[in-house]
Amino acid sequence: MFTSEATVELDDRASELTVIPYWKAKALRAALLTASDLGIPSLRGVLRVESSIEVSLGFGSSTSDVTASIRAVLDAFGGNPHHARVARLAVQAESAADPLMFDEMVLFAHREGRLIESFHAALPPVAVLGFQLGLGPVDTLALPRARYNPDEIGRFDELRGLLRRAARTGDLAAIGRVATESARINQRFLPVPRFDDILGVARSTGTVGLQVAHSGSIGGFLFDPADPDHAQSVARAEKELSAIGIDGCWYYAAEPESIRPRTGGTD
C-alpha cells in the first residue's frame, strides 16, 4: 500500500522544528505554514515523515508528505482539517499540489489550490497495471506551463461533461476514455516515447483506458476488476508491453492489500 504518515513531536527545549528524514523540506515547510495559519508563531520539536512512495516519478509523493504534515499539525492543535484549507496550505508549501486531500473525484487547479468542481463520487473500483515510460524523474515545476489551443479547450469541456456523467453512474469505461484522451492531448506538451505503441497494447488487451502521470514519467492501464477475464488481460498486457521494451510493471486493484510488483519488480 502506498502511504505517507506524519507525526509532530513538540519539544519546548528544541530551538526549532526539524524534520526526519532531513530532506523532506516541503513537508517541513507545510508544517510551519500550518502553524502560522493557526496563529502559532513558532513550532519546536520534530516532524517525522514516513512514506512508502517512490519520489519524482508522478506518484504524488511530495503532496502525500505535505498533506500528512499539514494534518498532523492541525490535529496537534485542534485545527479544522477542511479539504479546502489543506489544499491551500499544500500549494503554498510546494507551489503545485495533487488533490490527494479530497476523498472524491474532483477537478482541481493544482497551482492555485482551488477546487473547480467536485463530482460528488468516489472513483469506481479499478485495477491498474502501472509502468515506467522511460523519461526518468521529471521536475514538473521546471516545465513550461501548457498553453492549450481553442480546439483542446473545447475538447476538455466535452471531457469534463463526460466525466461528470461517468461519476454519477459509476461508468468506469467512460472514465477510462477521459483518461486516454487527456493523455493524448498531453502528448503535445510532454511527449511519451512509444505512445502509439502503448495505445495499441491498450486497445488489444481489454483495458478501459490509459492514464499518464502529470510528470509524464509513469503510465498505467486501467482495467475493470469486475471483469472475470481481467487477470488474463493484465498478464497479456504485461507481455505485450515487454515486447515493446517496457518492463518492471506493478499492479494494484481496488483493495489496498492487493498492491504488488509484477514479474519485473518495481522501479
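Here is a short chat about how some helices pack in this predicted model.

Visitor: Let's start with α1 and α3. At what angle do they pack, and is that parallel or oblique?

Guide: Two packed helices are described by the angle between their axes and the distance between the axes. Here α1 (residues 25–37) and α3 (residues 83–94) have axes 9 Å apart, at an angle of about 130 degrees. Angles over 145 degrees would count as roughly antiparallel. The pair is therefore oblique.

Visitor: Which residues of α3 does α1 meet, and how many charged residues does the contact have?

Guide: From α1 come K26, R29, A30, L33, T34 and D37, and they meet R85, R88, L89, Q92, A93 and E94 in α3. By class, that contact has four nonpolar residues, two polar ones, and charged residues numbering six.

Visitor: And α1 with α2: what is the handedness of their crossing?

Guide: The axes of α1 and α2 (residues 61–77) come within 8 Å and cross at roughly 30 degrees. As for the handedness of the α1 and α2 crossing, it is right-handed.

Visitor: How many nonpolar residues are in the contact of α1 with α2?

Guide: On the α1 side, K26, A27, A30, A31, T34 and A35 take part, meeting S62, D65, V66, S69, I70, V73 and L74 in α2. Sorted by class, this contact has three polar residues, two charged ones, and nonpolar residues numbering eight.

Visitor: Over to α6. Where around its axis do the buried residues sit?

Guide: An α-helix has 3.6 residues a turn, so residues three or four places apart point the same way. In α6 (residues 195–204), the buried ones are F195, I198, L199, V201 and A202. They cover an arc of only 155 degrees around the axis, so they sit on the same side of α6.

Visitor: Which exposed residues does the face turned away from that buried side carry?

Guide: The buried residues of α6 pack against β6, α5, β7, β8 and α7. The face turned away from them carries exposed residues, namely D196 and R203.

Visitor: What about S204: buried, exposed or partly exposed?

Guide: S204 lies in helix α6. Buried would mean under 20% relative accessible area, and exposed over 50%. S204 has 39% relative accessibility, so it counts as partly exposed.

Visitor: Which residues does S204 touch, leaving out those up to four places away in sequence?

Guide: One pointer is A237, 33 residues from S204 along the chain, with 8.1 Å between their C-alpha atoms. Leaving out residues up to four places away in sequence, S204 touches R236 and E240.

Conventions. Residues numbered from 1 in each chain as written. Predicted model: local features only at pLDDT ≥ 70, side-chain atom pairs only at ≥ 80, totals over all residues. Heavy atoms only, no water. Axes fitted to C-alpha atoms, helices over the stretch in contact; angles between N-to-C directions. Helix = DSSP H or I, 4+ residues; strand = E, 2+ residues; numbered from the N terminus. Parallel < 35°, antiparallel > 145°, perpendicular 65-115°, else oblique. Contact = heavy atoms within 4.5 Å. Nonpolar A, V, L, I, M, F, W, Y, C, P; charged D, E, K, R; others polar. Buried < 20%, exposed > 50% of the residue type's maximum accessible area, 1.4 Å probe, protein only. Arc of directions from axis to C-beta. Left-handed = near helix turned anticlockwise from the far one by under 90°.
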